[in-house]
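Biologist: Hi! Could you pull up the model so we can chat through a few spots in it?

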Amino acid sequence: EFLAVAAQRPQPDPITVPYLSPLVLRKEVENVLESEGDSSLTRADFVDQHPIIYWNLVWYFRRLDVPSNLIGLVLSAEITTKGAEIPKQWLSADSKHVCVKVLWDNINLHDEPGQPLYLMWNAHAQKSPLAHALITEEKLSSKRFMQSIVTSIQSNDLLTPMKYMLQEYHKHKATQGRHRSIYREILYLSLVALGRDNIDHDAFDREYKSAFSRLPEDLQSMTQEDDKPPSARTLWCRRIFSSLYL
């Protein structure tokens, strides 16, 4: 019944807030507690009055997999209710009734042309009209090419798809500018096509790093910063933070 009511309500507009470092966030929280008291973190208006602090707290708690009552406040916040009467089913609801997913990717944050491969894979699988859309990266979005990447991954061969993708990106560089990260493209496609449970992320990164080091010099010169293997700092963050979703 709770889900049925939620599904019938209009979807709120996307919210974008600046990222705060842990030290800055701690200072901001301390300032709020000093001026408004501890109870401010239990009121729904905290969401609307301090959106930057609120959503950063939600993000950190979710990434660290730490339980928190904060996400339940959104059920009664103005941003969710839009001034309408709060459904009676929500009055007794709490954070257990709110699902927070931290995503790998947000295509709205990238201006590269075309669609990411993992979305095209899903479109082909669902026979969506998107699969037949006219986009610049025709070869890269073909079912045959994506299947060849998946087959290579299953054979622990990342070098072959890396070479082909860089060559195809280079052909369109004059009209496209930046290309999508080949690291993200291959990783996301493997997670969607083969399933998260079947991909050892650490093993994938080791193979990717090895393949990247074996790229010929002419292809190395075509790479961008986000094509490179993840840094040691990134790998350590992954061990601390919870998993991301697509």
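Biologist: Is Ala-203 buried, partly exposed or exposed?
Modeller: Bear in mind that this is a predicted model. Ala-203 counts as partly exposed, because its relative accessibility is 28%, and buried would need under 20%.

Biologist: Thanks! Which helix is Ala-203 found in?
Modeller: Ala-203 sits in helix H13. Its C-alpha atom is separated by 9.4 Å from that of Asn-156, although the two residues are 47 residues apart along the chain.

Biologist: And at what angle do H13 and H15 pack?
Modeller: The angle is about 175°, with the axes of H13 (residues 201-213) and H15 (residues 232-240) 12 Å apart. That angle is why H13 is roughly antiparallel to H15.

Biologist: Which residues make that contact?
Modeller: H13 contributes His-201, Asp-202 and Asp-205, while H15 brings Leu-235, Arg-238 and Arg-239. By type, the contact residues are four charged, one polar and one nonpolar.

Biologist: Switching topic: what should helix H4 span, at 1.5 Å a residue?
Modeller: H4 (residues 51-63) has 13 residues and should span 18 Å; the end C-alpha atoms are 18 Å apart, so the two agree.

Biologist: Nice. What do the buried residues of H4 pack against?
Modeller: They pack against helix H2 (22-36), helix H3 (45-49) and H15. Among the buried residues of H4 are Ile-53, Leu-57, Val-58 and Arg-62.

Biologist: One last thing: which residue takes a positive phi just after H4?
Modeller: That would be Asp-65, with a phi of about 60°.

How values were computed:
Residues are numbered from 1 along each chain as its sequence is written. This is a predicted model: local features need pLDDT of at least 70, side-chain atom pairs count only at pLDDT 80 or more; totals for chains, interfaces and linings use all residues. Side-chain values use heavy atoms; hydrogens and water are left out. Axes are lines fitted to C-alpha atoms, for helices over the stretch in contact, and angles run from 0 to 180 degrees between N-to-C directions. Helices (H or I, at least four residues) and strands (E, at least two) are DSSP runs, numbered from the N terminus. Angles under 35 degrees count as roughly parallel, over 145 as roughly antiparallel, 65 to 115 as roughly perpendicular and the rest as oblique. Contact means heavy atoms within 4.5 Å. Ala, Val, Leu, Ile, Met, Phe, Trp, Tyr, Cys and Pro count as nonpolar, Asp, Glu, Lys and Arg as charged, and the others, Gly among them, as polar. Buried means under 20% relative accessible area, exposed over 50%, partly exposed in between (1.4 Å probe, protein chains only). The expected span of a helix is 1.5 Å times one less than its number of residues.
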